[in-house]
Every structure is written in C-alpha cells, then in structure tokens.
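Student: I should like to go through the reasons behind the terms applied to this model. Could we take them one at a time?

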Amino acid sequence: MSTYNPQEVEQHAQALWEKHQAFEVKADPNQDKFYCLSMFPYPSGKLHMGHVRNYTLSEVIARYQKMLGKNVLHPIGFDAFGLPAENAAIKNQREPAEWTYNNMDEMSAQFKRLGFAFDWSRQLATCQPEYYRWEQWMFVKLYEQGLVYRKDAVVNWDPVDQTVLANEQVENGRGWRSGAEVIRKSIPQWFLKITDYADELLASLDDMPGWPDSVKIMQRNWIGKSKGLELDFAVPDFGTVSIYTTRPDTLYGVSYMAVAPEHPLAVQAAANNPALGDFLTQCSKEQSNEAAMATMEKKGMYTGLDAVHPLTGEPVPVWVANFVLMTYGTGAVMAVPGHDQRDYEFAQKYDLPITQVIATEGDLSQAALTEKGLLIESGEYTGMDFDQAFAAMAQHFEAAGTGRVQINYRLRDWGVSRQRYWGCPIPIIYCDACGAVPVPEEQLPVVLPEEVTFDETGGSPIKKMPEFYQTTCPQCGGEATRETDTFDTFMESSWYYARYSCPDYHDGMLSEEANYWLPVDQYIGGVEHAILHLLYARFYHKVLRDQGLVNSDEPFTHLLTQGMVLKDGAKMSKSKGNTVDPQELIDQYGADTVRLFSMFAAPPEQSLEWSEEGVEGAARYLNRLWNQVTAFLAAAGNEPPAMQGDLDKAQQEMRWKIHQTIDKVSTDIGERKTFNTAIAAMMELTNALSKFADGTDNGIAIRHEGWYNLVKMISPFAPHMAQALWEQLGETSLLCTAAWPTVDTSALVQDEIEMVVQVNGKLRGKISVATNAAKDEVEAQALAEPNVHKFVDGKTIRKVIVVPQRLVNVVVS
RNA sequence: GCCGGGGUGGCGGAAUUGGUAGACGCGCCGGAUUCAAAAUCCGGUUUCUUCGGAAGUGCGAGUUCGAUUCUCGCCCUCGGCACCA
C-alpha cells in the first residue's frame, strides 16, 4: 500500500495518454461519433477558474462517452483575435500577435497539465491565415449571393484620439483613455443579412429539445417577430413619413408622431431651426445602446412640421424624440399616449393630448391602458375588436396604397465591420472606377501584417500602412485601396466548431469529414453567450448549409450553459483582485483535486462559489478513496473469488448500493448533467464500502466489484488517479478506453421497502412493507404504527392517501 | 427600462414527476490515536422546546390531503441588451 502522490500519478497517466495518442480521433463511418465541445477560449493570459470549470465539464462528458464506446471528438483551439491584444500592445509595447501566441503557449501547457482529453492534433487559432482565409472566402461567396451589403451605421467616436471605441471603452459617455465626450458618428460599414434567416432561426428553435428553454426564449425575444401595419403619413413641406405599428387599432388615439434624431425629417427641420439643431447635437452625445436608450430621460422637441392623420385628416404634430431608434422599423413612430406607456409619459411631460380609443379597465389619469379591447371613438371602426380592426384597416390602407401589412423583426442585420487592427481583414478593394470589389479567390488570403507599431490613441496601424492598403483593382487593374476594417470576432467564432473536423484541409473551407462529425452533440459555454454568439453561429451554420458545405440545419444539438465562478459573491476578475490561480492549486493538490472540486461545488448552470476549504475536501476524498482501494487490494489481492450461493441481507444491500450508484452516476452524467450529485453518490458508495468489512469469499467478491466499478466511475473526474488504481487492480489496458460499468438489474430488486406515514401531512412514523403489498395492507400497517395510532386515536379518519412505494397520509379531523 | 436566471442550515449545495426538507461536502463540537501537534479514523451538528412537540426553503397571498416544487403580487441579486469575448 502506497500513499497517494498526485504529482507522480498525474505525470504517469499523462505520459501514457501521450504515448498512445489516446484522444486523437479519425472519422470512422462504422463507429458512432460523439462531438463534445466547450467554447474555445480567448487567449487572455493564464487559465482562470472559469476555464477550468468549462473544460472540465466537456472533459467529463467526453470521457464518459468514450467509455460508452463512442468515437469522441473533443478539440481545443483559440479565439485569438480581439481587443485585449491591442490594449496589451499599447500598454506593453508588444505586438498583438506575439502577445497572443505567447498566451496560447502558456494556456496550452496548463491545459495539458490538467490532463484534458483533447485531440491536440486538431488545435487551431483564428488569427492564423490558414484559418481566416476561409472566412474571407465565405464572405466573398456571400457577397456574390447578395447576403452582404454596405450601409452607414453609428459608431462611438472619440474626437480626441480620432478613433472608434468599443462600447466597453466608453465610460459614462467618455472615452476611457482620452476622457473626451464620445459622439455618435455614422460611417459606412459591411452587414450580413441575418434577417433573411430570421424566420428559420425562429422556427428551428421549436425543434431543439437539447437546448435550455431559457436560451430559446431569449433568442425568440431577441428575434422579436411581430405583425403590424406600415402606414404612410403625409407631412406637408416634407413629404411622407412611414411608421410601423403593431397596434393599428389605436390609430384614432394618435396625438403626435415621433422621429429619431437621425431621421431625414429631423435633419431637414433643424436646417433653419437652431434650437432644434442644438437638440439633435445633444442627442448625438447620448449613448445609443439599448439599455441607455431605455433608461435615459425621455426628451423631445417639436419640429414645427405637422403630419396629416390618415383617417381623420386632422393635423398631428411631429416631434423628435431621443428614445426613437433609427435602426428599428422606419425610425419613426406614431404616438398613442392613451394606450402606450412610453408615449403616455412623453405626452404628460410635454402636455400633449391623451385620449382613450380602446374600452378597457383602468385609470387613464394614472397610466396608459395597454390591454386590448373593443374600439371606441374610432369612426367606422368603433365597436370592432383588435383582429377586426386590424383586418379592416389593413384592407383600407392597402386599397388606398398608403399602407401595408408587414412582418417586422427586432433582430437587425449583423454589422461585421470593426475599425480595429487585430482581426481578420475584410477582403474588399475600393476602386474609384469600379467601386467596392471583392478580393478574387486566388488572391486570398488577405494577410494581416503582424509586424506593426501602436501609438497611444489605439488607432489601427494598418490604416497608416500604405504597403498594406495600396493595391490594384482586380477588375480594371487601376490603382485601388484595400478595406482596412477587420471583421467582428464573432465571425471567427461562428464556424470554428466546423473547422475542427478538418483543421488542416487546404482545398476548401470544410471537407467531407465535417458531415461525419457535425452537428456538435454537446456544446458547453457561459450563459453570457446565450444570444449573440449562439445566434450568429446558428445563422452561419445555415449559411454553410446553403453553400453546400454541411448537411445539417443546426450546429449544436445539446447546449449546456455554465454559470460563473465567484469568490466572496463577486465574479473573479483581475480588477477586483479576487482571482485564484489554478496553477497554484494544481501544484499544491494536483489536477484531479482541482477538477473534482470544480465539478462538485455546484451544478453546472449555477454560479460556483469558490472555497479553499472545499478544495481541501476534494483532496481529502481522493486521498481516502486511494487509501481504501489500496488497503483492500493489499489485504484481498486483485483476483477476487467468484460469488456463489445466496447472499445475506448485508451483502444484498451492499450490492444494491453498488448498482444503484452505477445507475445514478450514469444518469447524472449522461442525461441530467448534474455532476455534483454524481460525485456525492460516489462519495456515499465510498463510505458504504469502507464500512462493509465482510471477509467471506462473497464479501470480498462484492467489495472488489464495488471498488472496481467506483474506479471506473470516478475516472472522468479524476482520470489520473483512476488510471493508477486501475493498474493496481491488475488491468493493463488504458482505463479511458475501458467500458463504462453496467447495472445488474437483479441487484436492484428489493422485497421490502420503507414507507413514510403522515397524519395530516406531518411525519409521524415509518413502516417497512413488502414491495408488492396491496393498498389495504399498507393502510392497515400504517394505522397500526404506534406513533401514528397516537395521533389518529379519538379522531375521525376522513381519508387515507397511499402513494405506492413512497408514503401514506392519514387525513383526520 | 426590457429579456432570461437565481434566492433552502454557520457555508457550498441535495430533494429527478406535487410526496420524509437539509443527501454529499465544508466548518464546528465531542471522542479515538499521539509525549504533543498535524494528518487520519469514529460519532454529533436547521432553529426553538415545557423533550410531548412546534416552526422552517427571500417576502405576502392562493391552489392541494400534502408546496423548496404549481399560480398571482412584491423584494433582493446575477447575466444579456447588438463594437468585451
């Protein structure tokens, strides 16, 4: 019997896996595949506990599936483009590429030290031209297909640093480096028509049982499909302003219109109205993100223009309002203060009329009445309900040619242009004669120069590098300029999961192997990606499908969204100084302990509260398991006697516990994904086996059966220690390729069962009954229980509820 | 503000389909071992209690024989809100 030495044991197991290339896989049409994937990391520096948790989750599932006999793909790579590399470059005067590659090396070493069962031969990094060339290639394909277009869109402009800022670089409306007031600036940018796929993205959600409902609901709301009317309002001295409304039934209640500050009407009206001009300038300094728009003070100004109400002919004043989004619908709304709360508050503030045109309960002097109901004060539409009014008005306006039924989406097209350096160059060339021309396939990739110098403003260096942007037009051969914007990094993360199937394929974006591995069977990552990343990836997958590159409709069959790792109730972050370095823990306790703790401390979806004592507990458990198994083997050897004859009661119970645990652990890992309860069950079995000191042949056989299966079951969590114990059990194969334990259902049969007896819902006693006992027998036995009898005596029994196998509730008065 | 989570002992959490609230672990208390300590092992541990019991899962109502679980209304907290990834 030897003591447990994690460092030694872990080195040994890792060397074995390396020697046998245990986790490198090839497509094999004759074997069931299982593709298990954790969201790839941004190479920010060293690993943190969030990474450990994320990759241990996929690790446990991957190793479990492998033991079930599946051909398991469990790859790793890096989401290597992004803003932090540029920040590090400015701060440390290092090239983003060098910084990134260094971090990748460091993190790879830590991944290996943790013993993750990755197929390292498939490692990829999105900043490598071999990867992003296919992203550029696909962009050109989509351009040719008409799914790409260019339009003006708003960015955060820092007027001092003369650069575009990301939202997180704007603090309280000011640039984080310069401190200057950030303004909204409109510049031309490239967009992908994700809205063309809105309906399919929405409809597919109904057929994705492997995704959490919460994520599907969030995506549905994000897509925000609605049916309404687009109506044209004539505005004398301007022209026509179209609005979109989902509540045409409230049309008679319109008391004003509101347009976005960027709306052409507002711009025209401001031309000879200095006060209005000032207001628009003021609006341009306000943040345009949705949270800010929704919470800021609602402000507006009359433009001096009046629209004509399309039904009554009455004049309707047109206002500019800071809360109207130019990017949603038409950038103009009709305002019905009586039946919309935001319009209501605005009308109260500016003393605009509030009228009721829908008959509903409520007090209009307190709040808008937003419930639907029958129309009142609405001319010929009076008395109709919502559906009737919608249909009648749609018919009226369509006949008049001034309105139409329209399906609208909250989802906007995907702006992919970033005015930043460390990203994939957008493969477009601008020619004075030919306009925007995509880079021809044979000229791809457009390689991002890696030797660059940064100044403190954070502006992209390639915008100042003629050797990068000076080129010739692919169409006319004349002088031309390259696009210097790069892609949103969500572009890279939208298809990496597919590229893992063939990372070294040079003749195309994806090879046939993609269709063997895809879709991903289990995808794991933080909830914070519930909408953006996961929606973009779903969109991209459908685009890949329509290009004939994959034959599935959705990329991820099952999704697990993990919670954050907290310390003292707050998210671990460098700025808070509450980080825990996994490396120190690995050095002190070993990888198995760190892995076990991260799985045991909380269920995957919930946040995990960090606890040093909890880690010690995990280490203590592994130590105890090691000692128990080695002590048993030292005493009984690794060749157990055969079980024979009848088992006594304690032996039966021990076997029941062993097989009940196998059943539970299998369900917890394979179906429920509650690894914390799987570990708890294994701890219970460990405790039970420790106390079961039966030295008879049958007893030793049962103990061997228990420890043997326990070593297998703990192996996805603590694979190094399990491998060492496996060898002590006399096995010569790799444990990670051994078969997962199977349940002996005959061991689960019990002929007696304990039932709980309640009186008026309160626990009063317990009875032991035959498993197949009839209801009357159970009832009789329950009433005969002394303590139950005490509480029932002298009272009238109203009814007795018997829940088979569980409890009896005697209702008395 | 809108959308989606979460709230259970001193702490992390369990209770899988409406059926024993607190599994498992941590901490703490007691014991064994030790010259002593660490480590290890064994036992106890929701609160109150007149020792019969009673109360108890963020707060307030409701449905039910029975609610941590379902319904309604609140409070607190975390994630997302389109250029952080």
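**Strand pairing and overall build**

Tutor: In this predicted model, Val155 has Lys185 of S9 as its bridge partner.

Student: What makes strand S5 and strand S9 a pair?

Tutor: Strand S5 (residues 148–158) and strand S9 (residues 183–192) share 10 bridges in the antiparallel sense. Pairing requires at least two bridges between the strands, so S5 and S9 are called paired.

Student: How do you know that S9 also pairs with strand S19?

Tutor: S9 and strand S19 (residues 414–415) run antiparallel and are joined by 2 bridges. The criterion is at least two, therefore this count suffices. Within S19, Gly415 is the bridge partner of Phe191.

Student: Why is S19, at residues 414–415, called a strand?

Tutor: A strand needs a DSSP run of at least two residues, and S19 covers residues 414–415, so the term applies. Chain A has 34 strands, together with 26 helices.

Student: What makes a residue of chain A count among the 54% called buried?

Tutor: Buried residues make up 54% of the 813 residues in chain A. Each has under 20% relative accessible area, and is therefore called buried. The chain exposes about 35400 Å², of which carbon and sulfur atoms supply 48%.

Student: Which residues account for 71% of the contacts in chain A with a separation of 6 or more?

Tutor: Those 24 or more positions apart account for that share. A pair counts here because its heavy atoms lie within 4.5 Å.

Student: How many positive and negative charges does chain A have, and how far apart are their mean positions?

Tutor: Chain A has 70 positive and 107 negative charges, with mean positions 4 Å apart.

Notes:
Residues are numbered from 1 along each chain as its sequence is written. Chains are lettered from A and ligands numbered from 1 in the order in which they are written. This is a predicted model: local features need pLDDT of at least 70, side-chain atom pairs count only at pLDDT 80 or more; totals for chains, interfaces and linings use all residues. Side-chain values use heavy atoms; hydrogens and water are left out. Helices (H or I, at least four residues) and strands (E, at least two) are DSSP runs, numbered from the N terminus. Buried means under 20% relative accessible area, exposed over 50%, partly exposed in between (1.4 Å probe, protein chains only). Accessible areas come from the Shrake-Rupley method with a 1.4 Å probe; for residues, only the protein chains shown count as cover. Lys and Arg count as positive and Asp and Glu as negative; His and the chain ends are not counted. The place of a charge is taken as NZ of Lys, CZ of Arg, CG of Asp or CD of Glu.
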